[in-house]
Amino acid sequence: MSKHLVIVESPAKAKTIKKYLGKDYEVLASYGHVRDLVPKEGAVDPERGFAMKYEVIDKNQKHVDAIAKALAKADALYLATDPDREGEAISWHLYEILRERELLADKPVQRVVFHEITKRAIQEAITHPRALAMDLVNAQQARRALDYLVGFNLSPLLWKKIRRGLSAGRVQSPALRLIVEREEEIERFVTREYWTIEADCAKQQPFGAKLVEYQGAKLTQFSVENAPSAHAMREALLAEAQGRLQVAKVEKKQRKRNPAAPFTTSTLQQEASRKLGFSASRTMRTAQALYEGIDIGSGSVGLITYMRTDSVNLAAEALTEIRELIARRYGAHNVPPEPRVYKTKAKNAQEAHEAIRPTSVAIEPEQVRAHLSAEQFKLYELIWKRTVACQMIPATLDTVSVDLACGPGKGNTFRASGSTIADPGFLAVYEEGVDDARTREADDEEGGRVLPPLAVGDVVELRAIRAEQHFTEPPPRYSEASLVKALEEFGIGRPSTYAAILSTLQAREYAVIDGRRFVPTDVGRIVNRFLTQHFTQYVDYDFTARLEDELDEVSRGEKEWVPLMQEFWGPFRERCEDKEGSVSRTEVVQARELGSDPKTGKPVSVRIGRFGPFVQIGTKDDADKPQFASLRPEQRMDSITLEDALELFKLPRDLGKTADGEPIKASVGRFGPYVQYGKKYVSLKEDDPYSVTRERALELIAAHKEAEANKYIRVFDGSPVQVLNGRYGPYITDGKKNAKIPKDREPAALTLPECLELLAAAPDKKPGARGAARGGARSKAKAG
């Protein structure tokens, strides 16, 4: 018994750390969380001090057993899970499991923490262990209990009042509110026309200027609101100018532009979204791999520090290395006299460790490019450049603003402005992106234009005056980057939760991504309306942020977690009980009557159903069954008209027959638009069921028949066993089980006994898979 047992969260990290610790240490992975609340009511008991019932997560049971087995042979246990609230909780859960199994005995248990996976950091952590931080554990338990109580009480309400499968979350719901409120703001927006007067000038080189004063009055955005006024001003100015403008004022300034702080989790997600097009989850997945270790030819090396952090601090040794690299690569003049210090906004000092940075800036991106995937390289390069740039001198820009008089003494002034980079400073390495294209255009206008040398009294050639029409634009929808930024500014959520929040909003179909922007669905709007009307406090931005701050206080030992839970739970439970009885489903889903069907005189309404919004002709009380039609993807419940709704009932469309006499129809089912011929279905991916022609349908049917014909490799008469071509290659099936075909066997040459033998050895299908497929076909058939 000489081995020390070290537990980390991932096998990749275990492999890297094992290399640094040597033969006296065994390093195993927990594979993330090892226990969670039992997935049923009563997992959190408010009547017993919010006692929580945990169980080992099924998929991690074997990993827990492996840890227990290894511990029996070890003389000490080191819990080295991630250095945050979640990591502390995983260590505690492991400790509790092993204690309950009576495996700890007199063995010392140490908690070790590191923020980068380098030999120095790992060895230093092992030599400076600490005890489990129960304040952090309690904060995580409180967070988990709150999320459970909100989910287990609000979600069933949504199922009853709207439709099954919905969920509400303590942080997810305020995030949805942001998206819906922005969409409503866009819909309320009234576009306003305005005009600008632009001059095309030249002196040695062409340049542009904008009218800022007319007849002694300063112009505002809406001083010129229509074409007649704009063109009248243009004609008057042309007459005054007589082909020339005179320089009335030249103002030169020099300004400094400072680099952005090193990355936190939030700013990394924002910048990776803007510059690389990465989703928040993709960014975190890629960063996790860079943190845990990449084999760069000399073994596995952790390339970046821990990627879940609110901090913008950099370690002293990192600052020294960065400054040395800047001097060597970019010149000593680019190194400021003192290291730049950035202030951390996070209130929780225990979780405010280091910013995300390379473990060593000496490992330059191009040096390791061959060992990284494309996305790993892009993200590492982004982190490397931002880290280096943050310790460089500011960029120096020479700016110039020139006033040009049109008709001396007439009070007509055009202004031209521009700037040049006198000293690029940090811009030689990195420039931060922006969320909004309009912000980028404004920056480009100011920073990208170079004016010719001009002095007061100079005359410049006026080549043209243009009257330009513009329209105000609504605020942009949230992108992943701007939504993460908004959540952070409101204090909603924490670094470890942003990616999960965005994924959940899409998984629940509360919002979809269109042009890399969040658009709320009808279901999302209805859920948000229900929550904001009936659970106002719990989707309030300030309330959610205050609760996050209180959880931070628990993690710092400044507040007890049980009183915090009691304060939340009492009013919340009462509200749930009240709304279950006092609010009807009809009130929540807000079905809307659109008018009457001209053919039958029956009412036409729009409402929400199990599979989304739909239009209905008639009511359930009619002698005849009502007719139903799903809304098209671009249609919305609150804006669809009677005319639009009636168009939906043109499906299914009869497109004639195939050459074999099979009737052809176009329609929309649960899984989208399709063409039906006989009893078979062909999905419409690019075609519209409302306009697809018979000729196009026949093309699709022919392609479908060819694919069907190529599907069957062998069919055995009198047996359900078939050898088929599947999505991932040939396989054997009897309708109940599927079997892989050995690589050394020719699928077409297999005999029935050989197929039966392979099927007998194959694992059983997952329950529900076939039923789901059949259900989809039935749904389409019914819709058709």
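Helix H10 (residues 316–330) packs against helix H12 (residues 374–389) at an angle of about 90°, and their axes lie 10 Å apart. The two helices are therefore roughly perpendicular to each other, a label for angles of 65 to 115 degrees, where under 35 counts as roughly parallel, over 145 as roughly antiparallel and the rest as oblique. The angle and the distance between the axes are how two packed helices are described. Axes here are lines fitted to C-alpha atoms, for helices over the stretch in contact, and angles run from 0 to 180 degrees between N-to-C directions. On the H10 side, Ile322, Leu325, Ile326, Arg329 and Tyr330 meet Trp384, Thr387 and Val388 of H12, with contact meaning heavy atoms within 4.5 Å. Sorted by class, this contact has six nonpolar, one polar and one charged residues. Ala, Val, Leu, Ile, Met, Phe, Trp, Tyr, Cys and Pro count as nonpolar, Asp, Glu, Lys and Arg as charged, and the others, Gly among them, as polar.

A word on the model itself: it is predicted, so local features need pLDDT of at least 70 and side-chain atom pairs count only at pLDDT 80 or more, while totals for chains, interfaces and linings use all residues. Residues are numbered from 1 along each chain as its sequence is written, and side-chain values use heavy atoms, with hydrogens and water left out. Helices (H or I, at least four residues) and strands (E, at least two) are DSSP runs, numbered from the N terminus.

Now to the sheets. One open sheet of four strands has the order E2-E1-E7-E8 and parallel pairing, where two strands pair if DSSP finds at least two bridges between them. Strand E2 (25–29) and strand E8 (109–111) are its edges, each pairing on one side only. Ignoring direction, neighbouring strands of this sheet are turned by 25° against each other on average. Within the sheet, histidine 4 stands opposite alanine 76 in E7. Helix H2 (residues 61–72) lies across E1, E2 and E7, and runs at about 165° to E2.

Another open sheet of four strands follows the order E28-E29-E30-E31, this one with antiparallel pairing. Strand E28 (712–715) and strand E31 (738–740) stand at the edges with a single partner strand each, so one side of each has no neighbour in the sheet. The twist from one strand to the next averages 30°. Isoleucine 732 has alanine 739 in E31 as its bridge partner. Helix H21 (residues 694–711) packs on this sheet, where it touches E28 and strand E29 (722–726), and its direction makes about 50° with that of E28.

Strand E12 has two antiparallel partners, E15 and E17. Lysine 252 stands opposite valine 400 in E15, and leucine 245 stands opposite valine 460 in E17. Here are the strand pairs with their bridges:

| Strand pair | Bridges | Sense |
|---|---|---|
| E1 (residues 3–8) and E7 (residues 74–79) | five | parallel |
| E12 (residues 244–257) and E15 (residues 395–405) | eleven | antiparallel |
| E12 (residues 244–257) and E17 (residues 459–471) | three | antiparallel |
| E30 (residues 729–733) and E31 | three | antiparallel |

What about open and enclosed space? On a 1 Å grid over the protein atoms alone, a cavity is a set of points where a 1.4 Å probe fits but cannot get out, and a pocket is an open set with protein on both sides within 12 Å along at least five of seven lines; lining residues have an atom within 4 Å of a point. Grid points are joined across faces, edges and corners, and a volume is the space filled by probe spheres set on the points.

The second largest pocket has a volume of about 1400 Å³. Its lining takes in 45 residues, and Glu86, Arg144, Asp147, Thr497 and Ala500 lie nearest the centre. Helix H5 (134–161) is one of the elements that supply at least two lining residues, and H5 gives the largest share, ten residues. The lining divides into 16 nonpolar, 16 polar and 13 charged residues.

The structure also holds four cavities of 30 Å³ or more. The second largest cavity offers about 70 Å³ of space, and its lining includes Val150, Leu154, Arg170, Phe535 and Phe568. By class, that lining has eight nonpolar, two polar and one charged residues.
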